[in-house]
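Hi,

Here is the structure I promised to pass on. Have a look at it first, and then read my notes below.

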Amino acid sequence: MKLAAILVRTALLSIFPMEMSDSQMQHSPTDRSFQPIEQPLPVKVGVVLGGLTLVGAELWWFLGRKQQKQQATQSNGVQSVLVTVDGGYRPDRVIVNSGEPVRLSFRRLDGNSCLDEVLIPDFGISTRLPVGQTTTVEFTPTKIGEYTFTCGMRMFRGVIEVTAT
Ligand SMILES: [Cu+2]
């Protein structure tokens with residue numbers, strides 16, 4: 001999620017470049033007169049396009065990213081799903097049946113400390129995910145519904161969709 005913060009900051013600076021120029025101008029604090037700085041057109045166009053691209057990237061990050069769904073696979077009465085932890089969770093929508101034990105395995109590839117821990121509050125789960133390892137948690141959902149799992153800071157998230165058997 002650091003990436004998103006950097007994107008926001010860069011986008012803001014792209015949209016409001018005058019703030020930077022202002023502080024660099026040498027005028028007394030009492031001099032409130034506005035001094036337009038003429039920038040060449042390609043610079044203006046570039047700044048606007050760069051800003052729009054970054055805003056677009058932000059919107060995509062928060063709203064547009066496609067969810068990746070996956071139904072658990074059944075074996076010996078246990079339904080399991082492998083979730084890859086790499087810049088988020090893949091799949092980030094896990095579909096399981098109600099009333100059967102679920103084995104969720106998190107394979108952590110991303111060293112970003114944001115993903116150190118995974119929380120599934122509805123099932124009382126809070127587990128550390130060592131980098132380079134696969135950590136498995138188990139629980140049995142008894143009620144149909146949607147339950148979220150998130151990183152320790154609740155920035156990355158996924159959904160466990162519990163459906164009727
Ligand atoms: Cu986090």
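In what order do the six strands of the open sheet run? The order is S1-S5-S11-S10-S7-S8, and the pairing is mixed. Two strands count as a pair if DSSP finds at least two bridges between them. Strands themselves are DSSP runs (E, at least two residues), as are helices (H or I, at least four), and both are numbered from the N terminus. Strand S1 (69–71) and strand S8 (125–128) are at the edges with a single partner strand each, so one side of each has no neighbour in the sheet. On average, neighbouring strands here are turned by 20° against each other, direction ignored (the axes are lines fitted to C-alpha atoms, and angles run from 0 to 180 degrees between N-to-C directions). At the S8 edge, S7 (residues 117–120) runs antiparallel to S8, joined by four bridges, and Leu-119 sits opposite Ser-126.

Before going on, two bits of housekeeping. Residues are numbered from 1 along each chain as its sequence is written. This is a predicted model, so keep in mind that local features need pLDDT of at least 70, side-chain atom pairs count only at pLDDT 80 or more, and totals for chains, interfaces and linings use all residues.

How confident is the predictor? pLDDT is its confidence in each residue, from 0 to 100. The mean is 86, and 81% of the residues reach 70 or more. Over residues 18–23, though, the pLDDT is below 50, and beyond near neighbours in sequence this stretch has two contacts in the model (a contact is two C-beta atoms, placed from the backbone, within 7 Å). Where pLDDT is low, the predicted coordinates should not be read in detail.

Now the overall layout. The protein has three helices and 11 strands, and from the N terminus the helices come before the strands. Helix H3 (residues 41–64) has 24 residues and spans 32 Å from first to last C-alpha, close to the expected 34 Å (that is 1.5 Å times one less than its number of residues). H3 is hardly covered, with one buried residue. Buried means 20 or more other C-beta atoms within 10 Å of a residue's own, exposed means 12 or fewer, and partly exposed is in between, with C-beta atoms placed from the backbone.

Next, the largest nonpolar core. Such a core is a set of buried Ala, Val, Leu, Ile, Met, Phe, Trp, Tyr and Cys residues joined through C-beta atoms within 7 Å. This one has 16 residues, and Val-83, Val-85 and Phe-106 touch the most other members. S6 gives the largest share, three residues.

S6 is worth following on screen. Val-102, Leu-104, Phe-106 and Arg-108 point to one face and are buried, while Arg-103, Ser-105 and Arg-107 point to the other and are not. S6 pairs with S3 in the parallel sense over seven bridges, with Leu-104 as the bridge partner of Val-81. Six bridges also join S6 to S9 (residues 134–139), antiparallel this time, and Phe-106 stands opposite Thr-135 there.

Finally, some backbone oddities to find:

- The peptide bond from Arg-90 to Pro-91 is cis, with omega near -5°; Pro-91 is in the loop between S4 and S5.
- Asn-76 has a positive phi of about 50° without being a glycine, and lies in the loop between S2 and S3.
- Arg-154, also not a glycine, has a positive phi of about 60° and lies in the loop between S10 and S11.

Have fun with it!

Notes
pLDDT is the predictor's confidence in each residue, from 0 to 100.
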